[in-house]
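Please examine the sequence and the three-dimensional structure shown below. The explanation that follows is meant to be read with both in view.

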Amino acid sequence: MLGSPLVRAAVALAVLLLLLVPLRSFTGTRPPVAATVVAATPETTAHLEIVSTKSPFTFSVGYLGKPIWHGTSDGPTTASDVKLPIPKEGIDLSLDVGWTGPETSAAKLVLSHDDNEPTERTVWGSGQASDILTFP
Amino acid sequence: MKTISILLTVAVMTLGRSFAAEPVKVVSFSTILSEIATQVGGDAVTVVGLVKPDVDPHEYEPKPDDLKQLGDARLVLASGKNIEHYLPKLQAGVSASAVIVKVGDQIPSLKMTEENVGVIEDPHWWHSVANVEKATKVIRDALIQVDPEAKATFEKNAGAYLAKLAALDTWVKKKVAELPRDRRELVTSHDAFQYFAKQYGFRIYAIEGVSTEQEASAKQVDDLIAVIKKEGVKAIFLENTLNPKVSTEITRETGAKIGGTLYADGLGAGEGSTYEGMVKHNVSTIVEALK
């Protein structure tokens, strides 16, 4: 009975059909998987302070290419609180400062947030200074 | 008598000038070095680039014609850090008076561990603009060594090119600052962007190792897929000289998108035909895809 050509053909067909399953999983196109969404870093209150060697001065602080605090200070120091997401990798802030007169001046940007120690970065320039400052 | 002496002086000066005015032949094994040599050398040099744009320097093999070009070169520029594995064999064909400079060897190296190879120097130093500034100074000094008469030209041209590079570096910093530091995760076809990552605060996950000659194992690909899913990496980047098959498969497994094609191993066609164009293309592509 097992030697019957009909049975042998049926068995061969069944084996071939079974082989198609793994073959399809190797070669078939699967629907794309949706990307994992990782939660964004929550915002925190950050205290920013600018200390300049010369006043008055104009200033602009930016984050992600947009200004978050700008103005003119008549004195050597100015400060403000802003809401910022500060991930563990740190944050880049742009600082643009302008002074009257061509002599070399400096401005320090100090960032304090949560319980972290304040960190500071300085820019130097004649008449104006501009840089991207990385805070850990 | 006085007239003859004046004529002789003029003749000697003219001959001297014409000899000095003979451009220095520079042969380069890197598209980036070819550009720097052209910019710094100006009319005082003729630059022959043996590795052409869009050619993978890891897999480049010199041809007999290349040996001919090396024969009368006065300055040979190699990228260094062992990327030109064929260089020792070629040195016999270089004139004894020629100066050979492995430019990258004068730039501090990032060390990397390559599977089945061990610790190696990362040869892709040009992805940091600061490193290209160093390379410009190395090439300026090498040209002055070969042709001291043209020192003023080389210094002036190098100064102009360095000013362009400084402006480019400022542009890169501003562009990268548009991306939060926790989103600076770069998945690339091979591990070519570590110098860029170090300078601008990115983390790199590469499918292949430092060299494109070594293909990624199934385990490496699986590990990478797991990291991309865990970190929620938004985009994977292709390279102008590599096959995109594995990268494309990974996007299907992870849901990350193809962020674009980067120039990893040197200059290429289109926007990447100049160093400034290459950097601006790469940085814009990365930042816009990961935003």
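The paragraphs below treat chain A and then chain B.

The structure is a predicted model. Chain A contains 1 helix and 8 strands. Followed along the sequence, these elements give the pattern α-β-β-β-β-β-β-β-β, in which the helix precedes the strands. Chain A has 136 residues, of which 17% count as buried. Among the contacts in chain A with a separation of 6 or more, 60% are accounted for by residues 24 or more positions apart.

A single residue of chain A may serve as an illustration. Gly98(A) lies in strand S5 of chain A, which spans residues 91-99. Is Gly98(A) buried or exposed? Neither word applies fully: Gly98(A) is partly exposed, because 17 other C-beta atoms lie within 10 Å, whereas a buried residue would require 20 or more and an exposed one 12 or fewer. Which residues does Gly98(A) contact, once its neighbours within four places in sequence are left aside? They are Phe57(A), Thr58(A), Gly127(A) and Gln128(A). For Thr58(A), the separation along the chain is 40 residues, yet its C-alpha atom and that of Gly98(A) are separated by 5.0 Å.

In chain B, attention turns to a sheet. Here 4 strands form an open sheet in the order S8-S7-S9-S10, and their pairing is parallel. The edges are formed by strand S8 (203-206) and strand S10 (257-262) of chain B, each of which pairs on one side only. On average, neighbouring strands of this sheet are turned by 30 degrees against each other, direction ignored. One pairing can be followed in detail: strand S9 of chain B, residues 235-239, pairs with S10(B) in the parallel sense over 5 bridges. Glu239(B) stands opposite Leu262(B), a residue of S10(B).

Chain B also offers a pair of packed helices. Two packed helices are described by the angle between their axes and the distance between the axes. For helix H8 (residues 218-231) and helix H9 (residues 245-254) of chain B, the angle is about 45 degrees and the axes are 10 Å apart. That angle makes H8(B) oblique to H9(B). The crossing in which H8(B) passes H9(B) is right-handed. H8(B) contributes Val221(B), Leu224(B), Ile225(B), Ile228(B) and Lys229(B) to the contact, and H9(B) contributes Val246(B), Ile250(B), Glu253(B) and Thr254(B). By character, the residues of this contact between H8(B) and H9(B) comprise 6 nonpolar, 1 polar and 2 charged.

Technical notes. Residues are numbered from 1 along each chain as its sequence is written. Chains are lettered from A and ligands numbered from 1 in the order in which they are written. This is a predicted model: local features need pLDDT of at least 70, side-chain atom pairs count only at pLDDT 80 or more; totals for chains, interfaces and linings use all residues. Axes are lines fitted to C-alpha atoms, for helices over the stretch in contact, and angles run from 0 to 180 degrees between N-to-C directions. Helices (H or I, at least four residues) and strands (E, at least two) are DSSP runs, numbered from the N terminus. Angles under 35 degrees count as roughly parallel, over 145 as roughly antiparallel, 65 to 115 as roughly perpendicular and the rest as oblique. A crossing is left-handed if the near helix is turned anticlockwise from the far one by less than a right angle, and right-handed if clockwise. Two residues are in contact if their C-beta atoms, placed from the backbone, lie within 7 Å. Ala, Val, Leu, Ile, Met, Phe, Trp, Tyr, Cys and Pro count as nonpolar, Asp, Glu, Lys and Arg as charged, and the others, Gly among them, as polar. Two strands pair if DSSP finds at least two bridges between them.
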